[in-house]
Amino acid sequence: MDAALPAPKSSRRTKTVKRFLFSAQCALAFAAGAVTAAVAVTAPQVVISQKGREFNPGEVSISRGETIQVVNDDGDLLHHAYIDSKKFSFDSGDQQPGSKTNITFPESGDFNVRCAIHPKMKLIVHVK
Ligand SMILES: [Cu+2]
């Protein structure tokens, strides 16, 4: 009987330690998430203007993992940037006048950014 008593105590202690470790892991995961979010907010490497139904500049070169920002500088027009390629697809949804859309390129290659509203609009992005 006496010998059986310590066992539950020690298992209770183990549980407490496990619970502490679990919350420590949660805190770490949360901290890692915060760092990721901070990285995602970093300024884009290139800013492209959408004005007069054109991308300006119409062609850019960046490195893999970099971000371009597409700004709708047409005061009265919606744009809708998208990329449809085998390696990487993107869809901005409707871009309100004045809105800024970031596109991060995870793969290298040449990509065409088009506008779903103005079929003649085209931006070529070379990703090294
Ligand atoms: Cu457009």
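**Exercise 1.** Is aspartate 94 buried or exposed? Classify the residue, then describe its surroundings.

*Solution.* The structure is a predicted model.
Step 1: count the other C-beta atoms within 10 Å of aspartate 94; there are 12.
Step 2: apply the cut-off, under which a residue with 12 or fewer such atoms is exposed. Aspartate 94 is therefore exposed.
Step 3: place the residue in the chain. Aspartate 94 belongs to the loop that runs between β6 and β7 (100–104).
Step 4: list the contacts. With neighbours within four places in sequence left aside, aspartate 94 contacts Leu78 and His80.
Step 5: check a pair separated in sequence. Cysteine 115 is 21 residues from aspartate 94 along the chain, and their C-alpha atoms are 9.6 Å apart.

**Exercise 2.** Work out the strand order of the open sheet and state which strands stand at its edges.

*Solution.*
Step 1: begin with β5 (residues 81–84), which pairs with β6 through 3 bridges in the antiparallel sense. In this pairing, tyrosine 82 lies opposite aspartate 91 of β6.
Step 2: turn to β8, which is also antiparallel to β5, with 2 bridges between them. Here arginine 114 in β8 is the bridge partner of tyrosine 82.
Step 3: continue from β8 to β9. These two strands run antiparallel and are joined by 6 bridges, with glycine 109 opposite valine 127 of β9. The hairpin connection from β8 to β9 has 6 residues.
Step 4: add β3 and read off the full order of the 5 strands, β3-β9-β8-β5-β6, in which the pairing is mixed.
Step 5: identify the edges. β3 (59–62) and β6 (89–91) each have a single partner strand, so each has one side without a neighbour in the sheet. From one strand to the next, the twist averages 25°.

**Exercise 3.** Which residues touch the most other members of the largest nonpolar core, and which elements give two or more residues to this core?

*Solution.*
Step 1: take the core as a set of 13 residues; within this set, Val113 and Val125 touch the most other members.
Step 2: assign the contributing elements. β4 (67–72), β8 (109–115) and β9 (122–127) are those that supply two or more residues.
Step 3: list what valine 125 touches, not counting residues up to four places away in sequence. The contacts are Val60, Ile62, Ile68, Phe105, Phe111 and Val113.
Step 4: set this against the general pattern. In soluble globular proteins, nonpolar side chains tend to be buried together.

Technical notes:
Residues numbered from 1 in each chain as written. Predicted model: local features only at pLDDT ≥ 70, side-chain atom pairs only at ≥ 80, totals over all residues. Pairing = 2+ DSSP bridges. Helix = DSSP H or I, 4+ residues; strand = E, 2+ residues; numbered from the N terminus. Axes fitted to C-alpha atoms, helices over the stretch in contact; angles between N-to-C directions. Core = buried A, V, L, I, M, F, W, Y, C linked by C-beta atoms within 7 Å. Buried ≥ 20, exposed ≤ 12 C-beta atoms within 10 Å, placed from the backbone. Contact = placed C-beta atoms within 7 Å.
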